[in-house]
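Here are my notes on this one, in the order I'd go through them. Have the viewer open while you read.

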Amino acid sequence: MSEQEKKSKTPLLDELEKGKWPSFVSDLKQLSKKKPSVGQLLDQMEQSYETRVNYWTGTVLNLDGYGGGVIARYSDLGKKLPEVAQFHTIRVIPPSGWHYATDTLRELCDISEKYSAGILQLHGMTGDILMLGSDNKTTFEAGEELMEKGWDIGGSGGALRTLACCVGPARCETSCYDTLETTKRLTDNFISFLHRPELPYKFKFKLSGCPNDCANSIQRSDMPIIGTWRDEIQINKEEVKKFIAEHGEDYVVDNVITRCPTKCITLKKGEMAVDNPNCVRCMQCINVMHKALAPGKDKGVTILLGGKRTLKIGDTMGSVLVPFMKLETEEDMEKLFGLVERIWEFWGENGLEHERVGEFIERVGLATFLDGVGLEPNPQMIKHPRTNPYIKFEEYTAPKMAGEPKGAPNVTDKENEPKESAS
Ligand code: SF4
């Protein structure tokens, strides 16, 4: 051990500075030169690493007019380390898709340095901007200044949580709907549910523009809204030829044809074809040949429900609630708002305290839940509809809808639903 290491007050934390990756410990040490509270934060962390004890106590601290958004933390070592006796985190709603102008980031940094420890987390697990290290007084002052400058406070507790979405049509060619606009509209429409906890427990939306699900919505939100299409994958024949010329046919067979989970792509004499009714929109082929293949033209969203981390039951992923709906017009948006309201009403009236909506469905059963929110059961809601007795298949004839694209969908909206009935 070097002389310098022998003298270090934080030998355990110093270990985290080794290796080739940037270290938050180095950053905090740098910041501690300006902010004494950050030095004491490092001292407390070192002690926690040594004793394996968490010295933070959590409680509630609300800004005027808000029922959440501040994660109050008091240190049990407050007498020894007075600078971190109160070390609260303020959640701030970020712009949709995390698009910031430089000026906006500077503004946030200035507020953070003025009222808190100068530590900004972009972005926490919730998707919020986290401003760490304010005390009982400066939390209120920071809140006031944030609001004066047009920012708003995020959600916490049994409330709608701050929404998060992928970068969407702003930069991604596979996005099937406007994730940024939808995030803003949902936030604005349900803002009072975000600021005042009225739900049995937390409720998270995450929005992804295509089935690649870059917002990790299936695992990390109660209601994932994922872009999809219900017509045929677009194939650009010229680009297919160019791709094959560049990479060789074997590469296409190994990385596209054989990797299609439903084996619905064929390549014959340099011509690519997709058996669209059997495509499950997994994006594998489009991701590999992104110039030659593209999502269809009839785009919309699939809405899922019930993803969350371990609580009363183990980790769950969202499962399909609405296989397909358009999200383009004001009327479409109103339909989405209406669905959310019906879910919250039914869950709010019948859910137990601290019961996530996925756990609620698990407890009451999907049939009861669908009945409660006014949706018809549908084969796309279950994983293996042909072998699962949940849906009783009567003779199935594909619905004939005016203007419905040929070769269409194994996704559908309510009006286009096949006529199955629940067993
Ligand atoms: Fe196959 Fe997936 Fe491509 Fe559909 S999106 S054709 S399922 S690889």
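What share of the contacts in the protein chain with a separation of 6 or more comes from residues 24 or more positions apart?

1. That share is 64%. Keep in mind that we're looking at a predicted model. The protein chain has 15 helices and 16 strands, and buried residues make up 48% of its 423 residues.

2. On the outside, the protein chain has an accessible surface of about 22100 Å². Carbon and sulfur atoms own 51% of that.

3. Now for a sheet. Five strands form an open one with mixed pairing, in the order E6-E7-E8-E13-E14. Its edge strands, E6 (164-165) and E14 (319-325), each pair on one side only.

4. Start at the E6 end. E6 and E7 run parallel and are joined by two bridges, with alanine 164 partnered by lysine 206 in E7. E7 and E8 also run parallel, through four bridges; here serine 208 sits opposite isoleucine 226 in E8.

5. At the other end, E13 (residues 299-305) runs antiparallel to E14, again with four bridges. Isoleucine 303 faces valine 322 of E14 there.

6. Have a look at the side chains of E7. Phe205 and Leu207 point one way, Lys206 and Ser208 the other. Side chains in a regular strand alternate between the two faces of the sheet. Lysine or not, Lys206 is buried, as are Phe205, Leu207 and Ser208.

7. Last, the helix packing. H13 (residues 330-350) lies across E7 (205-208), E8 (223-229), E13 and E14. The angle between H13 and E14 is about 160°.

Terms used: Residues numbered from 1 in each chain as written. Predicted model: local features only at pLDDT ≥ 70, side-chain atom pairs only at ≥ 80, totals over all residues. Heavy atoms only, no water. Pairing = 2+ DSSP bridges. Contact = heavy atoms within 4.5 Å. Axes fitted to C-alpha atoms, helices over the stretch in contact; angles between N-to-C directions. Buried < 20%, exposed > 50% of the residue type's maximum accessible area, 1.4 Å probe, protein only. Areas by Shrake-Rupley, 256 points an atom, 1.4 Å probe, with all protein chains shown as cover.
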